[in-house]
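Got the viewer open? Here is a short tour: pick each selection in turn and see what sits around it.

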Amino acid sequence: MASGAAANNTIFGRILRGEIPCDAVYADDLCLAFRDVNPQAPVHVLVIPREALVNLGDAGGQHRELLGHLLLVAAKVARQEGLEGWRTVINSGAEAGQTVFHLHVHVIGGRPLAWPPG
């Protein structure tokens with residue numbers, strides 16, 4: 001478990017500790033990817049770091065490798081799910097629509113996606 005994960009009381013912290021089950025599609029030492037329980041498209045996967053990091057606004061230079069890894073895993077998961085095109089979304093802060101205050105990357109696809117979003 002990454003430093004700070006034990007104190008992470010968000011739903012994602014509870015998932016990382018195994019207190020809440022998830023439909024995992026990928027896992028490694030740095031992150032976990034699982035299906036969103038409220039999908040907005042046929043494929044909607046969340047990629048979360050094991051480290052307790054609130055959002056991109058709280059990220060610093062020390063998170064460079066982790067942030068790159070999250071995006072590479074998002075692409076890997078999208079291909080694994082059979083997507084040729086997909087959207088990745090990272091909401092940072094309540095005004096941007098972030099509802100769980102643990103950094104997460106949405107991987108959304110499997111249907112045409114309109115622009116601009118919401």
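Select His104 and show what lies around it: leaving aside residues up to four places away in sequence, His104 touches Phe12, Leu46, Val47, Ile48, Val89, Ile90 and Gln98. Keep in mind as you click that this is a predicted model. His104 has its place in the loop between β4 and β5.

Is His104 buried or exposed? Its relative accessibility is 6%, and the cut-off for buried is under 20%, so His104 counts as buried.

Now turn on polar contacts for the His104 side chain. One goes to the backbone oxygen of His102, which the side chain reaches at 2.7 Å. Another is side chain to side chain, with His106 as the partner at 3.5 Å.

Next stop: Gln98, one of the residues that His104 touches. Gln98 is also found in the loop between β4 and β5. With a relative accessibility of 3% against that cut-off of under 20%, Gln98 counts as buried too.

What does the side chain of Gln98 reach at 2.7 Å? Zoom in and you'll find the backbone nitrogen of Gly93. Then look for the backbone oxygen of Val54, which the Gln98 side chain reaches at 2.9 Å. Widen the selection to contacts, and Gln98 touches Val54, Asn55, Asn91, Ser92, Gly93, Leu103 and His104, again not counting residues up to four places away in sequence. So Val54 and Gly93 turn up both as polar partners of the side chain and in the contact list.

Go back to the neighbours of His104 and pick Ile90, which is among them. Ile90 is found in the loop between β4, residues 87–89, and β5, residues 105–109. How much of Ile90 is accessible? The relative accessible area is 31%, and partly exposed covers the range between under 20% and over 50%, so Ile90 is partly exposed.

Switch to a surface view and colour Leu56, Leu71 and Ile90 together. These residues make a nonpolar surface patch of about 230 Å². Ile90 therefore clears the bar for joining a patch, which is over 30% relative accessible area, with its 31%.

For the last stop, go back to cartoon and select residues 24–27 and 31–35, which are strands β1 and β2. The two strands pair in the antiparallel sense, over three bridges. Together β1 and β2 form a hairpin, with three residues between them. Which residue of β2 stands opposite Ala27? Click across from Ala27 and you land on Leu32.

Methods: Residues numbered from 1 in each chain as written. Predicted model: local features only at pLDDT ≥ 70, side-chain atom pairs only at ≥ 80, totals over all residues. Heavy atoms only, no water. Patch = residues over 30% accessible without salt bridge, like charges linked within 9 Å, V, L, I, M, F, W, Y side chains within 5 Å. Areas by Shrake-Rupley, 256 points an atom, 1.4 Å probe, with all protein chains shown as cover. Salt bridge = Lys/Arg side-chain N within 4 Å of Asp/Glu carboxyl O. Helix = DSSP H or I, 4+ residues; strand = E, 2+ residues; numbered from the N terminus. Buried < 20%, exposed > 50% of the residue type's maximum accessible area, 1.4 Å probe, protein only. Pairing = 2+ DSSP bridges. Polar contact = N/O pair within 3.5 Å; in protein donor to acceptor, adjacent residues only side chain to side chain. Contact = heavy atoms within 4.5 Å.
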